[in-house]
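Got your viewer open? Load the model, switch on the cartoon, and keep the selection box handy.

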Amino acid sequence: MGLLDGKVAIVTGAGHGIGRGHALELAKQGAKVVVNDLGGSVRGEGQGRAADETVALIEKRGGTAVSNYSDVGDYDQAGELVNRAIEAFGKLDILVNNAGIVRDAVIWNMPVDDFDAVIRVHVRGTWSTSSHAARYWRAAAKSGETVRGRIINTTSGAGLGGNFGQSSYATAKAAIVGLTQTLALELLRTGVTVNAVGPSGLTRITASIPGMPESFEPDEVADDEWHAMDPSNSSPLVAWLASDEADHVTGHVIRSIEDRIIWMQGWKERKTITAGGKRWDPTKLGDVINQDLFETRAPGMRF
Ligand SMILES: NC(=O)c1ccc[n+]([C@@H]2O[C@H](COP(=O)([O-])OP(=O)(O)OC[C@H]3O[C@@H](n4cnc5c(N)ncnc54)[C@H](O)[C@@H]3O)[C@@H](O)[C@H]2O)c1
């Protein structure tokens, strides 16, 4: 018995790296998988058939999968991806939004077209596939079906805390958290949970950072073998979030780094001061904010 027997899943960007690991794990747990990948470079240039390699690996291991080569940033192609699951396997239960590209540079060197390209794949891509899946699940729920849908998005440390040289990527990954929290609210009554994972591992993306090792994509890793930088280390978390066991989990951000699972907590009120029913005087705010809010002197705030 697999955790996902009878389920149908889409994993975007599953031709390489982390998404490939998710697709293999979901298939191992019994899901039928649509392996999506545009097949371009790490910068999102060109296209190819990387999805076929993941499908072949799943089939070699006894699982069931089909390829799809949609560009998730194209709204209509994102719709074709959702339809591919329904046409091939009759339904959709799980959508894992993982596809991503990077075009890193400090902001004063980053061309605006590179900013747009990164936002397009991560944000527009995650939103577009989710939009088509949400329409499908809403229609199913309205026709009386019991829906147990899953959307699992992909954020990163850059989006959660910022990262030098990644103003486009960090912005995109932070936006995905806002999207996750909003879709968790909007789809709650439809029966769909929406969460975000923050994975890790050596992939084409990390290999594009100067000094970093090659990506880790072996055909086989024995069940009792474990590598700290294996990009499939977060796939067990994704498989569990995708399962019926995680019915109660929605709107969360959970990182999976090496062997650790880390439940993240976002922006919370830390301290409030009040002007006592009148408008603040900006010439007095400096003292009040430094002493009463920060409880420190201003220079100490620059770290
Ligand atoms: N590697 C890490 O340490 C790390 C850490 C945090 C988050 N992430 C995130 O994990 C996800 C996977 O990245 P990865 O590191 O495995 O990189 P990767 O390059 O190996 O995989 C990304 C895949 O997405 C595909 N893709 C790109 N644009 C696409 C599009 N428009 N439509 C469909 N597919 C497209 C690529 O072809 C590629 O196969 C990304 O969202 C990335 O931001 C990675």
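Start at Ser70: one of its backbone N or O atoms sits 3.5 Å from a nitrogen atom of the ligand. Bear in mind as you click around that this is a predicted model.

Next, select Gly201. Here too a backbone N or O atom faces a ligand nitrogen, this time at 3.3 Å. Then pick Tyr169 and show its side chain: an N or O atom there is 2.5 Å from an oxygen atom of the ligand.

Now put a surface on the ligand. How much of it does the protein bury? On its own the ligand exposes 820 Å², and 96% of that is buried by the protein.

Time to bring up the whole shell. Select everything within 4 Å of the ligand, and you should get 30 residues, with Ile18, Asp37, Asn98, Tyr169 and Thr203 as the closest. Colour the shell by residue class, and it splits into 17 polar, 9 nonpolar and 4 charged residues.

Which helices should you highlight around the ligand? Try α1 (17-28), α4 (112-142), α6 (167-186) and α7 (204-207), each of which supplies at least two residues of the shell. Which one gives the most? That's α7, with 3 residues.

Hide the ligand for a moment and turn to the sheet. It is open, has 8 strands with mixed pairing, and reads β3-β2-β1-β4-β5-β6-β7-β8 in order. The edges are β3 (65-68) and β8 (260-263), each pairing on one side only. Look along the sheet and you can follow the twist, which averages 20° from one strand to the next.

Zoom in on β4 (residues 94-96) and β5 (residues 149-154): these two pair in the parallel sense over 3 bridges. Select Val96 and look across to β5, where Ile152 stands opposite.

Last, add the helices that lie against the sheet. Select α3 (residues 75-89), which packs on the sheet and touches β1 (8-11), β2 (32-36) and β3. The direction of α3 makes about 150° with that of β3.

Then go to α8 (residues 235-242). What does this helix lie across? The list is β4, β5, β6 (192-198), β7 (253-257) and β8. Check the direction of α8 against β5, and you'll find it running at about 150°.

Definitions and conventions:
Residues numbered from 1 in each chain as written. Predicted model: local features only at pLDDT ≥ 70, side-chain atom pairs only at ≥ 80, totals over all residues. Heavy atoms only, no water. Polar contact = N/O pair within 3.5 Å; in protein donor to acceptor, adjacent residues only side chain to side chain. Areas by Shrake-Rupley, 256 points an atom, 1.4 Å probe, with all protein chains shown as cover. Helix = DSSP H or I, 4+ residues; strand = E, 2+ residues; numbered from the N terminus. Nonpolar A, V, L, I, M, F, W, Y, C, P; charged D, E, K, R; others polar. Pairing = 2+ DSSP bridges. Axes fitted to C-alpha atoms, helices over the stretch in contact; angles between N-to-C directions. Contact = heavy atoms within 4.5 Å.
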